[in-house]
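Reader: Could you walk me through what holds this fold together on the side-chain level? I would like to start with the charges and then wander a little.

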Amino acid sequence: MSANSYLFTSESVSEGHPDKVSDQISDAIVDLFLSRDPQARVAVETLTTTNKVVLAGETRCAETVSHEEMIETARKVIRQIGYEQEGFHWKNADIDCYVHGQSAEIAQGVDASGNKDEGAGDQGLMFGFATDETPELMPAPIAYSHRIVKALADARHAGTRPEFQPDAKSQVTLRYDNGRPVAATSVVVSTQHKAGLSQDDVRALVRPFVEDILPEGWMPAEDELYVNPTGAFVIGGPDGDAGLTGRKIIVDTYGGAAPHGGGAFSGKDPTKVDRSAAYACRYLAKNVVAAGLARKCLIQVSYAIGISKPLSVYVDLTDSEVDPAKLENVLREVMDLTPRGIRTHLGLNRPIYQQTAAYGHFGREPGADGSFPWEKTDLADQLKSAFA
């Protein structure tokens, strides 16, 4: 195959996947703290296993948030997802909380003081990406993978498919010709289900969802649609496999179609550039593509702990006549890329994070509650003007 003709695969997992249960609990605790204090500092990890949840991390808040409140928040998340199973139940799970105060040494490096602006919460590099393959300017394989597991969950919550249980995974392989997606060559869906269903039963239930999600004519051959390929999937979620915060970072971003800096998002307040700068990079990359300046845009930034300004800004464009070096300067002009500047521009000091922790942080609709502000394309006109 030529460089422009290839197969590419991405996967997604549902809200009931054990790692995603952990992500949602961690982000619900972030929201809990930010609802009490918009300047709260939170770094909370969650472990889930058979009827057991462990919370650990560091926080700082102007108001007291008790261990009991964090435990109750975790139970609420588990209930919202729909876990009422013998091996994992929102009411019966044993939840331990080992969250404590933030390290004074980290705080002194990050906090603003005197003439020093607020610094980055850690060193690291972050990426943002956008492509015109889909209306949401996301790579098509991860976009369709998300839609499939989200559709299964929506049907379960609505009661139209009570046979489905919370844990599920999808994987979509697309064929690209001349650099554009044209068909699915294989689709894998594994979904937890109630006892008593055969593999053929589950396949019959799942197939209409895949047909509905993929564009017309894109369905793979029948023998390339794999549904619960190992057979029965009754024991699932944290009862079937332990979950940890931050283990699905490729699912959270671009499905492997773009680089990842390595830092997870969930469980972290927006002073952590692992999260906020990755959102800023997506925001800028999406606006570049929305402005018609490139078919694809990749942006990287890097930071040092305690230092406010980014150490570097890098732009890589596909099918573009724009000078990347000039664009790097323009992007610094249209958005302040210091940690404080990112949070102010995007309004990140709000309890908007639990909903990011399943079905991807990118490619979502900005909400009236201020959620997903990094998905707005309100800089597109300004960027167009800069290169008119």
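Author: Let me fix one term before we start: a salt bridge is a side-chain nitrogen of Lys or Arg within 4 Å of a carboxyl oxygen of Asp or Glu. This is a predicted model, in which local features need pLDDT of at least 70 and side-chain atom pairs count only at pLDDT 80 or more, while totals for chains, interfaces and linings use all residues. Residues are numbered from 1 along each chain as its sequence is written, and side-chain values use heavy atoms, with hydrogens and water left out.

Reader: Fine, so how many salt bridges are there by that rule?

Author: The count comes to 23 salt bridges. One of them joins Arg282 and Glu375, with 2.8 Å from N to O.

Reader: Where do Arg282 and Glu375 sit in the chain?

Author: Arg282 is in helix 8 (residues 273-290) and Glu375 in the loop between helix 10 (339-346) and helix 11 (380-386), so that the pair links parts of the chain 93 residues apart. Helices here are DSSP runs of H or I with at least four residues, strands are runs of E with at least two, and both are numbered from the N terminus.

Reader: Buried or exposed, that Arg282?

Author: Arg282 counts as buried, because its relative accessibility is 0%, and Glu375 is likewise buried, at 2%. The cut-offs are under 20% relative accessible area for buried, over 50% for exposed and partly exposed in between, with a 1.4 Å probe and protein chains only.

Reader: Which residues are joined into one network by salt bridges that share partners?

Author: That network consists of Arg203, Arg207, Glu211 and Glu222.

Reader: And what does Asp19 pair with?

Author: Asp19 forms a salt bridge with Arg247, and their closest N and O atoms are 2.9 Å apart. The two are 228 residues apart, with Asp19 in helix 1 (residues 18-36) and Arg247 in the loop between strand 11 (243-244) and helix 7 (249-252). Arg247 is partly exposed, at a relative accessible area of 42%, whereas Asp19 is buried, at 2%.

Reader: What about Lys20, which partner does it meet?

Author: Lys20 meets Asp252 in a salt bridge of 2.5 Å, N to O. Because Asp252 lies in helix 7 and Lys20 in helix 1, this pair ties together parts that are 232 residues apart in sequence. Both Asp252 and Lys20 are buried.

Reader: Why call helix 1 largely enclosed?

Author: Helix 1 is described that way because 17 of its 19 residues are buried. Its end C-alpha atoms are 28 Å apart, which agrees with the 27 Å that 19 residues should span at 1.5 Å a residue, the expected span being 1.5 Å times one less than the number of residues.

Reader: Let me go to Ser14 now; where is it found?

Author: Ser14 is found in the loop between strand 1 (6-13) and helix 1, and it is buried, with a relative accessible area of 1%. Its side chain reaches the backbone oxygen of Pro166 at 2.6 Å. Leaving aside neighbours within four places in sequence, Ser14 is in contact (heavy atoms within 4.5 Å) with Lys20, Val149, Pro166, Asp167, Ala168 and Tyr359.

Reader: Changing topic, how many aromatic pairs does the structure hold?

Author: The structure holds 11 aromatic pairs. Phe129 and Tyr254 form an edge-to-face one, at 5.7 Å centre to centre and 80 degrees between the planes. Phe129 is in strand 7 (residues 124-131) and Tyr254 in the loop between helix 7 and helix 8, 125 residues apart, and both are buried. For the rule itself, rings of Phe, Tyr and Trp (its six-membered ring) pair if their centres lie within 6.5 Å, and planes under 30 degrees apart count as stacked, over 60 as edge-to-face and the rest as tilted.

Reader: Which residues do the ring pairs link into a cluster?

Author: The cluster contains Phe129, Tyr254, Phe265, Tyr279, Phe362, Phe372 and Trp374.

Reader: Last one, what does Asn287 touch?

Author: Asn287 lies in helix 8 and is buried, with a relative accessible area of 0%. Not counting residues up to four places away in sequence, Asn287 touches Lys376, Thr377, Asp378, Leu379, Ala380 and Leu383. Asn287 and Leu383 are 96 residues apart in sequence and 7.7 Å apart in space, C-alpha to C-alpha.

Key. Polar contact = N/O pair within 3.5 Å; in protein donor to acceptor, adjacent residues only side chain to side chain.
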